[in-house]
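I opened my notebook with a short list of things to look up. The entries follow in the order in which I looked.

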Amino acid sequence: MTKIVSFASVKGGVGKTTSCVNLAYTLSKKSKVVIFDFDIQMSATYSLGSVFEGEYKCALPDLLNGDCSFKEALHEYKKNLYVIPARDDLFGFLTEDFSDNLNKAIRSAKKEKFDFVLFDLPTNVGALNLIPLNSSDLCIIPVYSPGGLSILGLRSQIKVLEMIENDVPYLVLVTFYDNRKTVCREMVNEVLPELNGQVFKTKIRENSKLSQCASLGKSVFEFSGKSNGAKDYESLSREVRKATKEGA
Ligand SMILES: Nc1ncnc2c1ncn2[C@@H]1O[C@H](COP(=O)(O)OP(=O)(O)OP(=O)(O)O)[C@@H](O)[C@H]1O
Ligand SMILES: [Mg+2]
(Lines give C-alpha, C1' and ligand atoms only; values in the text may rest on other atoms or scores of the structure.)
(Ligands and ions follow the chains in the order given, each with its own letter.)
Protein backbone atom coordinates (compact mmCIF):
# COMPACT_ATOMS: atom_id res chain seq x y z
CA MET A 1 0.00 0.00 0.00
CA THR A 2 1.25 3.50 -0.83
CA LYS A 3 2.69 5.36 2.17
CA ILE A 4 2.92 9.13 2.20
CA VAL A 5 5.77 10.59 4.21
CA SER A 6 6.36 14.33 4.72
CA PHE A 7 9.57 16.06 5.80
CA ALA A 8 8.65 19.15 7.78
CA SER A 9 10.11 21.63 10.22
CA VAL A 10 9.31 25.25 10.98
CA LYS A 11 13.07 25.74 11.36
CA GLY A 12 15.13 25.95 8.19
CA GLY A 13 18.37 24.20 7.29
CA VAL A 14 17.79 21.17 9.53
CA GLY A 15 18.19 18.47 6.86
CA LYS A 16 14.66 18.04 5.45
CA THR A 17 15.71 17.93 1.80
CA THR A 18 18.90 15.93 2.43
CA SER A 19 16.85 13.35 4.34
CA CYS A 20 14.07 13.24 1.76
CA VAL A 21 16.40 12.76 -1.22
CA ASN A 22 18.77 10.22 0.33
CA LEU A 23 16.01 8.24 1.97
CA ALA A 24 14.18 8.17 -1.38
CA TYR A 25 17.29 6.85 -3.10
CA THR A 26 17.85 4.01 -0.66
CA LEU A 27 14.15 3.08 -0.48
CA SER A 28 14.06 2.90 -4.29
CA LYS A 29 16.44 -0.09 -4.26
CA LYS A 30 13.44 -2.23 -3.25
CA SER A 31 10.41 0.05 -3.66
CA LYS A 32 8.86 2.47 -6.16
CA VAL A 33 9.30 6.03 -4.87
CA VAL A 34 8.29 9.53 -5.95
CA ILE A 35 9.36 12.85 -4.41
CA PHE A 36 7.04 15.86 -4.66
CA ASP A 37 9.21 18.97 -4.36
CA PHE A 38 7.00 21.57 -2.62
CA ASP A 39 9.82 24.03 -1.98
CA ILE A 40 10.18 27.16 -4.10
CA GLN A 41 13.97 26.88 -3.54
CA MET A 42 13.75 23.65 -5.59
CA SER A 43 16.42 21.99 -3.43
CA ALA A 44 15.18 18.41 -3.89
CA THR A 45 14.91 18.95 -7.65
CA TYR A 46 18.48 20.33 -7.78
CA SER A 47 19.79 17.59 -5.47
CA LEU A 48 18.80 15.05 -8.13
CA GLY A 49 20.46 17.20 -10.78
CA SER A 50 19.86 15.09 -13.81
CA VAL A 51 16.15 15.65 -13.32
CA PHE A 52 16.67 19.38 -13.24
CA GLU A 53 18.86 19.44 -16.33
CA GLY A 54 16.35 17.44 -18.32
CA GLU A 55 13.67 19.14 -20.39
CA TYR A 56 10.41 19.03 -18.51
CA LYS A 57 7.04 20.19 -19.66
CA CYS A 58 5.18 19.55 -16.43
CA ALA A 59 6.20 20.47 -12.91
CA LEU A 60 4.42 20.51 -9.53
CA PRO A 61 2.58 23.84 -10.11
CA ASP A 62 1.00 22.39 -13.28
CA LEU A 63 -0.11 19.31 -11.37
CA LEU A 64 -1.59 21.39 -8.52
CA ASN A 65 -3.40 23.59 -11.07
CA GLY A 66 -4.90 20.55 -12.77
CA ASP A 67 -3.04 21.43 -16.00
CA CYS A 68 -1.20 18.13 -16.29
CA SER A 69 -1.66 14.56 -15.10
CA PHE A 70 0.37 12.78 -12.44
CA LYS A 71 2.01 10.62 -15.12
CA GLU A 72 3.00 13.67 -17.18
CA ALA A 73 4.55 15.33 -14.11
CA LEU A 74 6.70 12.30 -13.21
CA HIS A 75 10.40 12.63 -14.05
CA GLU A 76 12.52 9.52 -13.77
CA TYR A 77 15.86 9.91 -11.97
CA LYS A 78 16.60 6.20 -12.11
CA LYS A 79 14.63 2.98 -12.05
CA ASN A 80 11.96 3.23 -9.34
CA LEU A 81 12.89 6.80 -8.34
CA TYR A 82 10.88 9.72 -9.70
CA VAL A 83 10.64 13.42 -8.94
CA ILE A 84 7.83 15.87 -9.51
CA PRO A 85 9.98 19.00 -9.85
CA ALA A 86 9.34 22.33 -8.17
CA ARG A 87 9.29 25.64 -10.04
CA ASP A 88 9.41 29.23 -8.82
CA ASP A 89 5.71 29.84 -9.60
CA LEU A 90 4.90 27.53 -6.64
CA PHE A 91 4.88 30.85 -4.81
CA GLY A 92 1.34 31.39 -6.10
CA PHE A 93 0.12 28.39 -4.09
CA LEU A 94 1.06 29.72 -0.66
CA THR A 95 -2.55 30.71 -0.02
CA GLU A 96 -4.38 28.42 -2.50
CA ASP A 97 -6.52 25.43 -1.63
CA PHE A 98 -5.07 22.82 -3.98
CA SER A 99 -6.16 19.84 -1.89
CA ASP A 100 -8.49 18.36 -4.55
CA ASN A 101 -5.74 18.20 -7.17
CA LEU A 102 -3.22 16.90 -4.64
CA ASN A 103 -5.63 14.16 -3.57
CA LYS A 104 -6.17 13.27 -7.22
CA ALA A 105 -2.38 12.96 -7.68
CA ILE A 106 -2.18 10.73 -4.59
CA ARG A 107 -4.92 8.48 -5.99
CA SER A 108 -2.91 8.22 -9.23
CA ALA A 109 0.25 7.34 -7.29
CA LYS A 110 -1.71 4.53 -5.62
CA LYS A 111 -2.99 3.34 -9.00
CA GLU A 112 0.56 3.37 -10.40
CA LYS A 113 1.63 1.22 -7.43
CA PHE A 114 4.08 3.62 -5.84
CA ASP A 115 5.19 2.27 -2.45
CA PHE A 116 6.33 5.65 -1.11
CA VAL A 117 5.29 9.21 -1.89
CA LEU A 118 7.73 11.62 -0.18
CA PHE A 119 6.86 15.30 0.28
CA ASP A 120 9.80 17.70 0.70
CA LEU A 121 8.09 20.66 2.38
CA PRO A 122 9.18 24.28 2.67
CA THR A 123 9.96 25.87 6.02
CA ASN A 124 7.12 28.39 6.00
CA VAL A 125 3.72 27.49 7.44
CA GLY A 126 1.29 28.10 4.60
CA ALA A 127 -0.83 26.00 2.28
CA LEU A 128 2.31 24.44 0.75
CA ASN A 129 3.07 23.00 4.15
CA LEU A 130 -0.33 22.38 5.75
CA ILE A 131 -2.19 20.73 2.84
CA PRO A 132 0.47 18.09 2.08
CA LEU A 133 0.92 17.42 5.82
CA ASN A 134 -2.78 16.75 6.18
CA SER A 135 -2.53 14.00 3.52
CA SER A 136 0.46 12.26 5.11
CA ASP A 137 0.70 8.91 6.88
CA LEU A 138 3.85 9.98 8.69
CA CYS A 139 5.69 13.26 9.27
CA ILE A 140 9.46 13.14 9.76
CA ILE A 141 10.71 16.16 11.73
CA PRO A 142 14.49 16.60 11.46
CA VAL A 143 16.11 18.33 14.42
CA TYR A 144 19.46 20.08 14.12
CA SER A 145 21.15 18.54 17.14
CA PRO A 146 24.05 21.03 17.63
CA GLY A 147 21.55 23.89 18.02
CA GLY A 148 20.62 24.47 21.66
CA LEU A 149 17.35 26.19 20.68
CA SER A 150 16.37 23.57 18.07
CA ILE A 151 13.92 22.11 20.54
CA LEU A 152 11.79 25.27 20.19
CA GLY A 153 11.43 24.65 16.45
CA LEU A 154 10.53 21.04 17.16
CA ARG A 155 7.83 22.02 19.66
CA SER A 156 6.37 24.51 17.15
CA GLN A 157 6.25 21.87 14.42
CA ILE A 158 4.44 19.48 16.78
CA LYS A 159 1.91 22.29 17.44
CA VAL A 160 1.41 22.71 13.67
CA LEU A 161 0.64 18.99 13.42
CA GLU A 162 -1.92 19.36 16.22
CA MET A 163 -3.59 22.20 14.28
CA ILE A 164 -4.30 20.28 11.08
CA GLU A 165 -7.47 18.29 10.64
CA ASN A 166 -6.03 14.76 10.39
CA ASP A 167 -4.15 13.03 13.14
CA VAL A 168 -0.74 12.58 11.49
CA PRO A 169 1.86 10.64 13.50
CA TYR A 170 5.36 12.03 13.64
CA LEU A 171 8.88 10.79 14.30
CA VAL A 172 11.79 13.06 15.13
CA LEU A 173 15.08 12.59 13.28
CA VAL A 174 18.29 13.79 14.90
CA THR A 175 20.51 15.41 12.24
CA PHE A 176 24.04 16.88 12.15
CA TYR A 177 24.89 14.64 15.11
CA ASP A 178 28.40 14.78 16.53
CA ASN A 179 29.02 12.63 19.57
CA ARG A 180 31.96 14.87 20.62
CA LYS A 181 29.67 17.87 21.11
CA THR A 182 28.04 18.18 24.52
CA VAL A 183 25.06 20.02 23.06
CA CYS A 184 24.29 17.07 20.72
CA ARG A 185 24.56 14.54 23.55
CA GLU A 186 22.36 16.69 25.80
CA MET A 187 19.73 16.94 23.07
CA VAL A 188 19.60 13.17 22.68
CA ASN A 189 19.91 12.19 26.35
CA GLU A 190 17.91 14.91 28.09
CA VAL A 191 15.50 16.60 25.71
CA LEU A 192 14.30 13.95 23.29
CA PRO A 193 13.26 11.39 25.94
CA GLU A 194 10.33 13.77 26.66
CA LEU A 195 8.84 12.65 23.34
CA ASN A 196 7.73 9.19 24.51
CA GLY A 197 9.70 7.24 21.93
CA GLN A 198 8.60 9.28 18.92
CA VAL A 199 12.24 9.52 17.84
CA PHE A 200 14.15 7.43 15.29
CA LYS A 201 16.96 5.35 16.80
CA THR A 202 19.10 6.26 13.78
CA LYS A 203 20.93 9.56 14.14
CA ILE A 204 22.19 11.27 10.99
CA ARG A 205 25.78 12.23 11.73
CA GLU A 206 27.34 15.42 10.48
CA ASN A 207 29.04 14.33 7.27
CA SER A 208 30.55 16.59 4.62
CA LYS A 209 29.76 14.04 1.89
CA LEU A 210 26.08 14.85 2.38
CA SER A 211 26.54 18.49 1.40
CA GLN A 212 29.05 17.73 -1.37
CA CYS A 213 26.78 15.25 -3.12
CA ALA A 214 23.84 17.67 -3.12
CA SER A 215 25.78 20.32 -4.99
CA LEU A 216 26.81 17.69 -7.57
CA GLY A 217 23.16 16.71 -8.04
CA LYS A 218 23.64 13.16 -6.75
CA SER A 219 22.57 11.08 -3.80
CA VAL A 220 25.22 10.19 -1.22
CA PHE A 221 24.94 6.54 -2.31
CA GLU A 222 26.23 7.41 -5.79
CA PHE A 223 28.85 9.86 -4.52
CA SER A 224 30.30 8.06 -1.51
CA GLY A 225 28.53 4.78 -0.84
CA LYS A 226 30.71 3.89 2.17
CA SER A 227 30.39 7.25 3.95
CA ASN A 228 28.69 7.69 7.32
CA GLY A 229 25.97 9.61 5.47
CA ALA A 230 25.17 6.58 3.30
CA LYS A 231 25.27 4.24 6.32
CA ASP A 232 22.95 6.47 8.36
CA TYR A 233 20.32 6.86 5.62
CA GLU A 234 20.43 3.11 4.94
CA SER A 235 19.73 2.52 8.62
CA LEU A 236 16.94 5.13 8.58
CA SER A 237 15.30 3.42 5.61
CA ARG A 238 14.94 0.21 7.65
CA GLU A 239 13.25 2.15 10.45
CA VAL A 240 10.94 3.98 8.01
CA ARG A 241 9.88 0.66 6.49
CA LYS A 242 9.08 -0.65 9.97
CA ALA A 243 7.23 2.52 11.02
CA THR A 244 5.08 2.54 7.88
CA LYS A 245 4.86 -1.27 7.63
CA GLU A 246 5.94 -0.96 4.01
CA GLY A 247 8.40 -3.64 2.78
CA ALA A 248 9.93 -4.09 6.26
N1 LIG B 1 24.16 15.46 8.20
C2 LIG B 1 24.68 16.48 7.52
N3 LIG B 1 26.00 16.76 7.59
C4 LIG B 1 26.54 17.79 6.91
N5 LIG B 1 25.83 18.63 6.12
C6 LIG B 1 24.50 18.41 6.00
C7 LIG B 1 23.86 17.32 6.69
N8 LIG B 1 22.53 17.37 6.40
C9 LIG B 1 22.37 18.40 5.57
N10 LIG B 1 23.53 19.04 5.31
C11 LIG B 1 23.73 20.27 4.53
O12 LIG B 1 23.16 21.33 5.28
C13 LIG B 1 22.42 22.22 4.45
C14 LIG B 1 20.95 22.24 4.88
O15 LIG B 1 20.39 20.95 4.64
P16 LIG B 1 18.97 20.79 3.91
O17 LIG B 1 18.90 21.62 2.68
O18 LIG B 1 18.74 19.33 3.76
O19 LIG B 1 18.02 21.41 5.03
P20 LIG B 1 16.50 21.85 4.88
O21 LIG B 1 15.87 21.66 6.21
O22 LIG B 1 15.88 21.14 3.73
O23 LIG B 1 16.66 23.40 4.55
P24 LIG B 1 15.52 24.42 4.04
O25 LIG B 1 14.83 24.89 5.28
O26 LIG B 1 16.31 25.49 3.35
O27 LIG B 1 14.62 23.66 3.12
C28 LIG B 1 22.64 21.73 3.02
O29 LIG B 1 23.73 22.42 2.48
C30 LIG B 1 22.99 20.26 3.20
O31 LIG B 1 23.81 19.77 2.13
MG1 LIG C 1 14.80 21.92 2.06
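At what angle do α1 and helix α12 pack, and how far apart are their axes? Before answering, I noted that this is a predicted model, in which local features need pLDDT of at least 70, side-chain atom pairs count only at pLDDT 80 or more, and totals for chains, interfaces and linings use all residues. Residues are numbered from 1 along each chain as its sequence is written, while chains are lettered from A and ligands numbered from 1 in the order in which they are written.

**Entry on two helices.** I found that α1 (16–27) and α12 (residues 228–244) pack at about 75°, with their axes 9 Å apart. Axes here are lines fitted to C-alpha atoms, for helices over the stretch in contact, and angles run from 0 to 180 degrees between N-to-C directions. The two helices are therefore roughly perpendicular to each other, a label for angles of 65 to 115 degrees, with under 35 counting as roughly parallel, over 145 as roughly antiparallel and the rest as oblique. I then listed who meets whom: Asn22, Leu23, Thr26 and Leu27 in α1 meet Tyr233, Glu234, Leu236, Ser237 and Val240 in α12, where contact means C-beta atoms, placed from the backbone, within 7 Å. By class, this contact has five nonpolar, three polar and one charged residues. Ala, Val, Leu, Ile, Met, Phe, Trp, Tyr, Cys and Pro count as nonpolar, Asp, Glu, Lys and Arg as charged, and the others, Gly among them, as polar.

**Entry on ligand 1.** I looked up the 20 residues around ligand 1, of which Gly12, Lys16, Thr17, Thr18 and Ser211 come nearest; a residue is near if its C-beta atom, placed from the backbone, lies within 6 Å. The elements that give two or more residues to this shell are α1, β7 (170–177) and α10 (208–215). The shell has five nonpolar, twelve polar and three charged residues.

**Entry on Lys3.** I found Lys3 in strand β1 (residues 3–7), and I recorded it as buried because 21 other C-beta atoms lie within 10 Å. Buried takes 20 or more such atoms, exposed 12 or fewer, and partly exposed lies in between, with C-beta atoms placed from the backbone. Lys3 touches Asp115, Phe116, Asp137, Thr244 and Glu246, not counting residues up to four places away in sequence.

**Entry on the protein chain.** I counted twelve helices and eight strands, which are DSSP runs numbered from the N terminus (helices H or I, at least four residues; strands E, at least two). Of the 248 residues, 43% count as buried.

Conventions
Contact = placed C-beta atoms within 7 Å.
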